[in-house]
Amino acid sequence: MKKTVLYEMKNLYRDNMRVTGYEFGCGEKSVCVVGSTRGNEIQQLYTCGLLVKTLKRIEKAGLINENKSIIVIPSINSSSMNIEKRFWPTDNTDINRMFPGYNLGETTQRIAGGVFEKINDYEYGIQFASFFMPGKFLPHVRMMMTENTDIEDAKKFGLQYIVKRTPRPFDTTTLNYNWQMWGTKAFSIYTHETENLDESSAMTGVYAVLNFLSQSGIINYSTHRGYNSSIIDADELYDLQTPVAGIFHPLCSVGDSVSKGQLLSKIIDPYEGKVLAEIKAPEYGNVFFMNNKQLVYANQILFKLTDDYTIIRKAENSEQQ
Amino acid sequence: MIKVASVNLPVDEELTIKKERIVPINSTGKEKRISIVTGTHGDELEGQYVCYELNRRIKKNIECLKGIVDIYPALNPLGIDSITRGIPAFDLDMNRIFPGSENGIMADYLAHKIVEDIKGSALCVDIHASNIFLMEIPQIRINEITKEELVPLAKMMNVDFVWVHCAATVLESTLAYSLNDVGTPTLVVEMGVGMRITKNYGDQLVDGILNTMKEMGMWTGEVNSVREPIISYDEDFEVNFINASSAGVFIPATKHWVNLNKGDHVGDIVDPLTGEVLDEIHSPCSGILFTLREYPVCDEGSLIARILERDEKI
């Protein structure tokens, strides 16, 4: 293992911010794994730390294949992490909205640019990412569909789900999108948590990367874990919104299989304790995402459900027509 | 007051986006409509004075009004209340979620309602105030894809500077892009500095709005003469950016909106701990300084100034 400072920025009164990479193996630049880009991505940081620990052992055991190299960058934003701020300490900009970056530009553009020039020539890029809506996910691989996207590669993670999505304008400045524009095959991995640690799903994330490395011929190591992934379109996830604001009282967990009509949560009046709304499953499916904020706003998405009966229903509808 | 959109918040509060509609005496309801909007970013307050002053001047001379004026002073009321640039609790930049959607989350829903309400105006003026870091001369920024329609309107607005910039995909989620996209001409004004009101800039812009309304046949009152803006097209003029080469405290050595010669002293980045000058900043070109850093503490890369390169003196 080789520990390298990939980028360093001086500060007036604080310590320099260093972006540190852990390199394993040597030769062809095979895979780059990036952890937290935002200050609240503690789970993403932790997962990378576990991955570094595991890869050290794998390298020591001689299980990295010849002419293959892997780099793990646990965080590119330690300055925000250390003050528990999601975005950049001074101007509140998001490093993950600054790619490909610009070395003569503003602060976070420079950080993005400085890091990106070191990691834009890997064959594969993997980012442990977080969602803009706070909540818990079933671990999955998320892919922005561009001309450089390959679903077959995503299957190598062995995660239960692969979620495809079409990039929106604001996605064009993310690390994932720019990796793809530069010819790197990019994937985002989501585990259960962001600000809190979830040991089990962190290990799921580590095994997913190890599966990928193994299936891609980069390491000679089989984890014997993994799914035959289901591929779903982000638009096919069923959003369950609350019609009213109030206190969110969940009655299920992420990963639960739920039946049609099952009560998933209640929205409670904060002053009088009465039930303002009951949120029920419209169909059979799995709870793929669940909000984890206690106070909720009207129209807020509380759950995203996989709709396991889509194919059957489509067939039924076409028969009726 | 008219409710543009409202939603209940979790604990005994209704969030309402409000507008004031001023109509001419004996209105038919079919007059041209101008929409003045501001407060998308909760830390930008320059538009507050413009809304107040425009309201005041029009109502004082209501007989001169021949069109409908809609004034939206706070598109992001929670942000203005809490001195938060984005939408509090959602951690979202409101100017990156347009055109929104009717069935989306609260922020998307509000964005959708705002666009639906403004749509159909003969002109929309979206007033921003830079941010807390930079002082901007009153200027209008125009995406090059809309320059044919918008530059003639921008010339009437009494701003000092019109910056026609290249298209950027990321800007397609802004209010101005969304409105221009559905055929409502929308001008983006940037002026002053965040968290403050620069009254003379506000008065200047109100003069410009009334002048534009007069040109559009919506106002028959007296208007002050307006200035001819410098118009910069990215392909013709170069905007030079000066970014901090090191972290420190910026001490300006020049005033804002002045002509600089190449090599003129713009300011210093200093280290109060050691008394050292870390970076002595000189102008890389001759031109007009239209953006100047207001907030002293800077990181490496922080924007210090923007200079529009030109040969002759203004």
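1. A useful definition to start with: two strands pair if DSSP finds at least two bridges between them, and strands (E, at least two residues) and helices (H or I, at least four residues) are DSSP runs numbered from the N terminus. With that in hand, look at chain A, where an open sheet of 4 strands has the order β15-β14-β12-β17, with antiparallel pairing. Strands β15 (275–280) and β17 (295–296) of chain A stand at the edges with a single partner strand each, so one side of each has no neighbour in the sheet.

2. A word on what you are looking at: this is a predicted model, in which local features need pLDDT of at least 70 and side-chain atom pairs count only at pLDDT 80 or more, while totals for chains, interfaces and linings use all residues. Residues are numbered from 1 along each chain as its sequence is written, chains are lettered from A and ligands numbered from 1 in the order in which they are written, and side-chain values use heavy atoms, leaving out hydrogens and water.

3. Staying in chain A, strand β14 (residues 263–268) runs antiparallel to β15(A), and 5 bridges join them. One place to find on the screen is A:Ile267, whose bridge partner in β15(A) is A:Ala277. As general background, strands of a sheet pair through backbone hydrogen bonds, either parallel or antiparallel.

4. Now over to chain B. Strand β13 (residues 265–271) of chain B has 6 of its 7 residues buried (under 20% relative accessible area, with a 1.4 Å probe and protein chains only), so β13(B) is largely enclosed by the rest of the structure. It pairs with strand β14 (residues 276–282) of chain B in the antiparallel sense over 6 bridges, and B:Val270 has B:Val277 as its bridge partner in β14(B). The hairpin of these two strands has 4 residues between them, and there B:Gly275 takes a positive phi near 80°.

5. Where does B:Pro252 sit? It belongs to strand β11 (residues 248–252) of chain B, and 4 bridges join β11(B) to β13(B) in an antiparallel arrangement. B:Pro252 stands opposite B:Gly267 in β13(B). This proline is partly exposed (between 20% and 50%), with a relative accessible area of 44%. Not counting residues up to four places away in sequence, B:Pro252 touches B:Val266, B:Gly267 and B:Leu292, where contact means heavy atoms within 4.5 Å.

6. Is B:Thr212 buried or exposed? B:Thr212 is buried, with a relative accessible area of 0%. Its place is in helix α6 (residues 199–215) of chain B. Leaving aside neighbours within four places in sequence, the contacts of B:Thr212 include B:Leu123 and B:Met157.
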